[in-house]
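Trainee: Could you take me through one part of this model in close detail? I would like to follow the aromatic side chains and see where they lead.

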Amino acid sequence: MNISEYTPGKYSSHKIFTDGISILSDNQCNLYINFLSKDIVRLRYSTDGHFEPDFSYAISSRFVPEYPEIKVEDFIDHIAVKSISVHLNIHKSDLKVVFTDTAGNIVCRDEKGFHWEEHQTFGGNIVKMSKVVQEGEHFYGMGDKTLHLNLRGRRVTNWAMDTYGFKKEEDPIYKAIPFYTAVHHNKAYGIFFDNTFKASFDFGSERRSVTSFWAEGGEMNYYFINGPELLDVTKRYTQLTGTPELPPMWALGYQQSKWSYYPEAKVKEVTDKLRLLKIPCDVIYLDIDYMNEFRCFTWDKEKFPDPKRMISELKENGFRTVVIIDPGIKIDDQYPVFKEALENNYFCRRADGPYMKGKVWPGDCYFPDFTNPKVRKWWSGLFQELIGEIGVSGVWNDMNEPALFEIEGKTFPPDVRHDFDGHPCSHRKAHNVYGMQMARATYKGVKKYNNGNRPLVITRSAYAGAQRYASGWTGDNIASWEHLWIATMQCQRLSVSGFSFVGSDIGGFIDHPTPELYVRWIQLAVFHPFFRTHSSGDHGEQEPWSFGAETLDIVRKYIELRYNLLPYIYTTFYQYVTEYTPMLKPISIYDQHDQDTLYRVDEFLMGDHILVCPVLEPNAKSRYVYLPKGRWYHFWTNKAYEGGKEILIDAVLEEIPLFIKEGAVIPFYPVMQHTGEKKVDQLVLHVFFGGEGVNSYLYEDSGDGYDYEKGIYNKKRFKMNCTDKSMKLSLKSNGHFEPDYSTYKLLIHGLPFIPTKILMNEKIMESSATNTENNALVVIADRLSFITLEIIQ
């Protein structure tokens, strides 16, 4: 079959608007260029001069366009459109676009640019864009892909798929986030292709000098996001697509799950043993077997005769309960959820009218159309009993790609119809957002009935912007060293793709890990925002005590470290929510100007100051670590190392290599068996000598509820300035939250001199007010009065 490919043709005319410009070609192609800020430019192409109604699930309603002043200049051979940060030159001969900085340096330019072909099977167009790969260009992002972080030379597909036991480099899998970043010549930019159809991205795979992206329908609609730093790009994309609200503090604690814990006696046995062995834990999960024959929103009363009582007793023991809810609704006329949805026409239908029927855990099911706002409202209301009356604290959405058994493609056929919020379409367009809209409806319901507490929702499938509604995990992984490597790739990649609240099934969902593998996985997962062990029960036990006493001691040590670090992690989450900063930063995003970081994947930063170097191979006693530029303290030994180079570091089983940036202040909570178990009477601050003008932050609020929205929170900034002979730490605090602790205990690490004078708030301290602990100088400071601490040789 001869397929004709079309291009825009030559410039015909243009019209200037307050926020951009519309350019028409002689082929009736319309290019609309819209500046949302000085650094975010949207480009929409219409192939016939007319645009469909503008609608996006991805863009956050909280994103407010700035519509900056722009300058349009009409030259003989091109149109120039400029903000104070980004210049676009649109060639009149073919409407190709060149993006430059203000000095005229090329940041990104079209190769063939926009082109399209008619879709011979479904109608509409296959829309395509190709750009030139610049010299030394590197590509990152794209969500949960199982590849090396650097995508140069690779091709990926965006189509949410249930991929049980996925392998390294297998693609696609569960999430579809069409956003990538690129950097060359120390200039970074990003492309967000907001098109929900099945899409592909080629980063110099087919042709080394060309990167391209295309979709099997819809509109060529993309956002160019300027840097010049990779971190700037990620933050602007995250601002555009949104962040979640702050989670409850308990959701950042350790979580224990399995397919499945039942009956009630088994749940109590596991939770009691966690407490007996003093393994901190905040959450216990109930998988599909808690339901009555897998009917959502029901309970198996033989396994769980009184769920409200059980959940109340678990809560008294410090455990929140999270339950799974899938999209498939069992076809059963005696099942109230099914009957109500059927009577109100809430289920998806095929093109000719029959309901979309598919087999999942309950057998034959129908599926709600979560792209219909009426359906989402109904679904949210179903959580009244589960959350508001029974007392469940969180909900876990699985199988929401949507996944089906016994069908080609493992999902809905393409002719299934969806409302798409008043823009009716087929499943080809709605597939990638189905899981996101389910998570959205679930989030609304959990929040509504949670008695003023913050919700926790977890989703397997996601599209850009899903992070506003849910956390996520990386799906049905395997207990293997390869999957440990995949886990750190996926969580870093998702974090720089706007989706920070993520983790993997610790130890692997499929098969059974060795004790060594489980230890190394726990050591990594301590530094992932979502921290949960989950496994398939038919592969063996995977609770922390399942691997012997020696392993348990190590695992307990690291779970305790997680609880020590909760104020640091909570602050990092606050920075993500309010400043759009990824919680996990690959070292390439931390320092793109160091060429050695651009291919590194085995090190990342959690928050501002902690460099994590997981051990990803068996039998390791040491590993090579690349330290970014600057000075870094080994967490376990306090030895300082100069960065900008690779070093060999010990990595015995008991220790994951961790490094703290000089000048950092790391807050520590005492170990608790669950969040809120006891009051924090004194906040420990680990202070690492060095640096000039190094800022560290601490955010505090009640850890649940919404008083923080009324201004009841604290934001604290610690600033470190050091010389060879002095150290000055200053604190600036604002807010109205009253924490329990009355003093700070400062542990000063790496002090290179013996102090002759210590001043608190410019007053000399008595020597009796200080001491040493584990080679660190200890200073106690009053919370209400502490402003500065100076230590002088």
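**A close look at the aromatic rings**

Mentor: Happy to! Let us start with phenylalanine 297, which counts as buried because its relative accessibility is 12%, under the 20% cut-off. Keep in mind that this is a predicted model.

The partner to look at is tryptophan 379, which is also buried, with a relative accessible area of 0%. By the centre-distance rule, there are 63 aromatic pairs in the count. Phenylalanine 297 and tryptophan 379 make one of them, an edge-to-face pair with 5.1 Å from centre to centre and 80° between the planes. Distant parts of the chain are linked here: phenylalanine 297 belongs to the loop between β21 (283–286) and α3 (307–316), while tryptophan 379 is in helix α5 (residues 373–381), 82 residues apart.

Now compare another pair. The ring centres of tryptophan 396 and tryptophan 473 are 5.9 Å apart and their planes stand at 75°, so this pair is edge-to-face. Distant parts of the chain are again linked, with tryptophan 396 in strand β26 (residues 394–397) and tryptophan 473 in strand β31 (residues 471–473), 77 residues apart. Tryptophan 396 is buried at a relative accessible area of 1%, and tryptophan 473 counts as buried at 1% relative accessibility.

Back at the starting point, Phe297 and Trp379 are part of one aromatic cluster, whose members include Tyr346, Phe367, Phe370, Trp378, Phe383, Phe412 and Tyr434.

Some rings have a charge for company. The charged end of arginine 349 sits over the ring of tyrosine 355, at 4.1 Å from the ring's centre. Arginine 532, in turn, lies over the face of tyrosine 285, 4.9 Å from the ring centre.

Trp379 also leads us to the wider packing. The largest nonpolar core has 201 residues, and Trp379, Leu746 and Leu789 are those with the most contacts inside it. Helix α7 (residues 427–448) gives this core its largest share, nine residues. Apart from this core lies another one of 45 residues, among them Tyr11, Ile90, Phe193 and Phe224. As general background, nonpolar side chains tend to be buried together in soluble globular proteins.

For a closer view of one of those residues, take leucine 746. Leaving out residues up to four places away in sequence, leucine 746 touches Leu685, Val687, Leu729, Leu777, Val778, Val779, Ala781, Phe786 and Leu789. That list brings in Leu789, which is also among the residues with the most contacts inside the largest core.

Definitions and conventions:
Residues are numbered from 1 along each chain as its sequence is written. This is a predicted model: local features need pLDDT of at least 70, side-chain atom pairs count only at pLDDT 80 or more; totals for chains, interfaces and linings use all residues. Side-chain values use heavy atoms; hydrogens and water are left out. A nonpolar core is a set of buried Ala, Val, Leu, Ile, Met, Phe, Trp, Tyr and Cys residues joined through side-chain atoms within 4.5 Å. Buried means under 20% relative accessible area, exposed over 50%, partly exposed in between (1.4 Å probe, protein chains only). Helices (H or I, at least four residues) and strands (E, at least two) are DSSP runs, numbered from the N terminus. Contact means heavy atoms within 4.5 Å. Rings of Phe, Tyr and Trp (its six-membered ring) pair if their centres lie within 6.5 Å; planes under 30 degrees apart count as stacked, over 60 as edge-to-face and the rest as tilted. A charge sits over a ring if NZ of Lys or CZ of Arg is within 6 Å of the ring centre and within 35 degrees of the ring normal.
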